[in-house]
Amino acid sequence: MPKLIRPARVLVTGADGTLGRPTVEALADRGIAVTGLSRTWTAPTRADRVVTGDAADEDLVREALADVDAVVHLAATAHPSLDTPRAVFVGNTSATFTVLASAGAAGVRRAVIASSINAFGVPMNRHDIRPAYYPLDEASPIAHDDAYSLSKWVDEHIGAYAASRWDMTVVALRFPLVRELDVLRRTVPQMLAAPGEAARLAREGWAYLEMADALDAIVRSLTEPLSGMHTLLVAAEDTIMAEATEDLLDRYADGVERHRTFAGRQAPVDTSAARRVLGWAPAISIEDGQNVEASA
């Protein structure tokens with residue numbers, strides 16, 4: 001069986017963010033040295049090297065890459081409403097290009113980047129459109145209408161460029177909503193109370209992922225013996241909704257093609273590529289917090 005790779009030092013960008021801070025913790029817990037890069041710091045970090053600034057700053061990124069043999073690139077403006085469309089798109093894509101190109105030139109051969117379930121464009125599209133089919137997968141037809149989703153799609157292509165240009169292994173993880181279990185339980189009901197939100201979330205399969213499962217995907221992306229570029233959807237086994245998935249699809253996506261039926265609250269999101277490539281499977285459910293049986 002191929003041997004797992006253990007990086008000695010990992011650069012984590014966006015290291016003070018919602019996903020970045022737990023990523024630093026997860027790597028430190030495994031005895032992996034971390035260089036953390038963030039624009040600001042809201043609390044002490046377990047990164048033993050700290051770099052403050054923008055991930056699009058070439059000189060700063062080159063400095064941050066000292067002694068690094070793998071990168072987890074999480075820095076991004078995470079929603080189209082947080083800045084102007086140009087600032088969101090240019091900021092996100094320039095940071096991704098800068099980090100991956102600088103890493104490749106420095107001899108780094110493993111990178112993980114945070115993409116999004118929104119990368120195919122449909123979930124945040126302002127027009128009345130729906131996915132071409134369920135379950136959602138990495139080949140879902142694109143329909144971009146917002147700068148954030150477009151930036152994440154372009155980020156994936158920057159990853160493919162880096163994989164080809166520098167023979168890097170790049171894994172782009174298409175994350176849905178990612179939070180700790182207690183936060184999910186507290187915030188999801190508030191989110192669903194907004195008018196039209198349940199219908200809008202049909203476009204992303206009502207998907208979510210508990211933080212520990214997201215961190216497992218990141219660590220596996222760093223350590224599994226892989227090569228080339230991989231874009232992988234990751235999501236929990238079930239949805240954030242209380243109703244059965246088939247009933248939800250009948251109500252909110254009637255007429256959209258279904259490639260299979262969905263038992264109970266099974267998420268209409270195909271994570272088989274992540275399972276195959278990473279040996280990953282989600283373990284935590286918002287419903288009870290207990291391990292859930294993985295399905296293919």
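Strands here are DSSP runs of E with at least two residues, helices are runs of H or I with at least four, and both are numbered from the N terminus. The model shown is predicted, so to speak of local features we ask for pLDDT of at least 70, and side-chain atom pairs count only at pLDDT 80 or more, while totals for chains, interfaces and linings use all residues. Residues are numbered from 1 along each chain as its sequence is written, and side-chain values use heavy atoms, leaving out hydrogens and water.

**View 1. Arginine 9 in strand β1.** Arginine 9 is buried (under 20% relative accessible area, 1.4 Å probe, protein chains only), with a value of 7%. Its contacts (heavy atoms within 4.5 Å) include Val34, Asp67 and Ala70. The side chain of arginine 9 also makes a polar contact with that of aspartate 48, at 2.8 Å; such a contact is a pair of N or O atoms within 3.5 Å, one able to donate a hydrogen and the other to accept it, and residues adjacent in sequence count only if both atoms are side-chain atoms.

**View 2. Helix α1, residues 20-29.** Seven of its ten residues are buried, so α1 is largely enclosed by the rest of the structure. Among them are Pro22, Val24 and Leu27. The cover over the buried residues includes β1, β2, β4 and α7.

**View 3. The open sheet of seven strands.** Follow the order β3-β2-β1-β4-β5-β7-β10, with parallel pairing (two strands pair if DSSP finds at least two bridges between them). β3 and β10 stand at the edges, each with a single partner strand, so one side of each lacks a neighbour in the sheet.

Methods. Buried < 20%, exposed > 50% of the residue type's maximum accessible area, 1.4 Å probe, protein only. Lists of a residue's contacts leave out its neighbours within four places in sequence.
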